[in-house]
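Please open the structure in your viewer and keep the selection panel at hand, since this tour moves from one selection to the next.

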Amino acid sequence: MPNNAFISYAHADEKRLERLHKHLVMLRRDGSLQAWSDHAIIPGDNVGQTISAALAQSSLFIALVSPDYLASNYCYEKEFQRALQLQAEGRLRIVAVILEPCDWLNSPFSEILVLPKDGKPVSDWTNENTAYLNAVEGIRRALAASPSPAPGAATDDPGATAAGTARRVRVKQQFDAIQKAEYAEAAFRTIQTYFQNACAELHEASDQIRARFESMGPNAFTCTVVNRALMRNGEAHITVRQARGGRMQVGELSFFYQPHAEAGTSNGWMSVEADDYNLFLNAMIDGLGRSRDEKVTPEQAAERLWNNFVTQAGIEYE
């Protein structure tokens, strides 16, 4: 069952809202998240009633914090204050994504762990996509800990419609080969983007570290990381491929810890599988003498594969 998320933002930050929506796409595709913002309000709706109903139906409140947000009477004084009340009642979890430098440390946001990491504003990251990806990873963790609104929960607004309090449902379905192939393509692009952005971020992290990402065509890429602080064993290489025939089955991705590795060689794999409700990756990620065999999302697979990869060059994340 997807979690409903209410996204609160200032209209001056609309372009960043659009960017966040693109980074949330895999959460929506795997059925984990249904995001709501005021774009869902249509002409003729009572704005206050519609927002009240959406808040009551949500288990997550995502605030896109910026100078414009803090200055907005509606976003900060109404939406956020109501979210604080629902959080106090145990009906909602608040997540803040800091978009730009602002005085959020002197607001109630200072009492929660904000995103991206360490509260570093999105605008201050070398590559903003890396910041959004970090935020999405935090949102995924928050979803797992968010409360589920009770079916038929009241909206505190007598004018709210019955649809505003309807119970959420999920429907069993069967996934065909085309859907699995499309999911594999999207998963490969997610992993490719993660590695490309992480390379750029790592390259800026230290003068002792060099990272290089190289596309090998539409369905493969290779990556090299060099840790110059280590005289030996300071290099790591990886090649990641999406199946396009041959030994690999449609819907599979493989990786090999060598540069420009040929198709058919691998240290591990990720295959697209499905249960009654969702598509997911079944990943066997071999690293440091251990392996994983579990359901994961493309974002989780990308993070774990990257961490295993850079560990080989003596690099870890705090």
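How much space lies in the largest pocket? In this predicted model, the space in the largest pocket comes to about 1000 Å³.

To find the pocket, select Lys117, Trp125, Asn134, Glu137 and Tyr317, which are the closest to its centre among the 34 residues that line it. If you then colour the lining by class, you will find 18 nonpolar, six polar and ten charged residues.

Next, show the secondary structure around the pocket and select β4 (93-98), α6 (128-145), α7 and α8, each of which supplies at least two residues of the lining. Which of the elements gives the most to the lining? That element is α6, with seven residues.

Now keep α7 (residues 177-205) and α8 (residues 298-311) on screen, whose axes come within 9 Å and cross at roughly 45°. Angles from 65 to 115 degrees would count as roughly perpendicular and those under 35 as roughly parallel, and the two helices are therefore oblique to each other. The crossing in which α7 passes α8 is right-handed.

For the contact itself, select Tyr183, Ala187, Thr190, Ile191, Tyr194, Phe195, Ala198, Cys199 and Leu202 on α7, and add Pro298, Glu299, Ala302, Glu303, Leu305, Trp306, Phe309 and Val310 on α8. Coloured by class, this contact between α7 and α8 shows 14 nonpolar residues, one polar residue and two charged residues.

Key: Residues numbered from 1 in each chain as written. Predicted model: local features only at pLDDT ≥ 70, side-chain atom pairs only at ≥ 80, totals over all residues. Heavy atoms only, no water. Axes fitted to C-alpha atoms, helices over the stretch in contact; angles between N-to-C directions. Helix = DSSP H or I, 4+ residues; strand = E, 2+ residues; numbered from the N terminus. Parallel < 35°, antiparallel > 145°, perpendicular 65-115°, else oblique. Left-handed = near helix turned anticlockwise from the far one by under 90°. Contact = heavy atoms within 4.5 Å. Nonpolar A, V, L, I, M, F, W, Y, C, P; charged D, E, K, R; others polar. 1 Å grid on protein atoms, 1.4 Å probe; cavity = no way out; pocket = protein on both sides within 12 Å on 5 of 7 lines; lining within 4 Å. Points joined across faces, edges and corners; volume = space filled by probe spheres on them.
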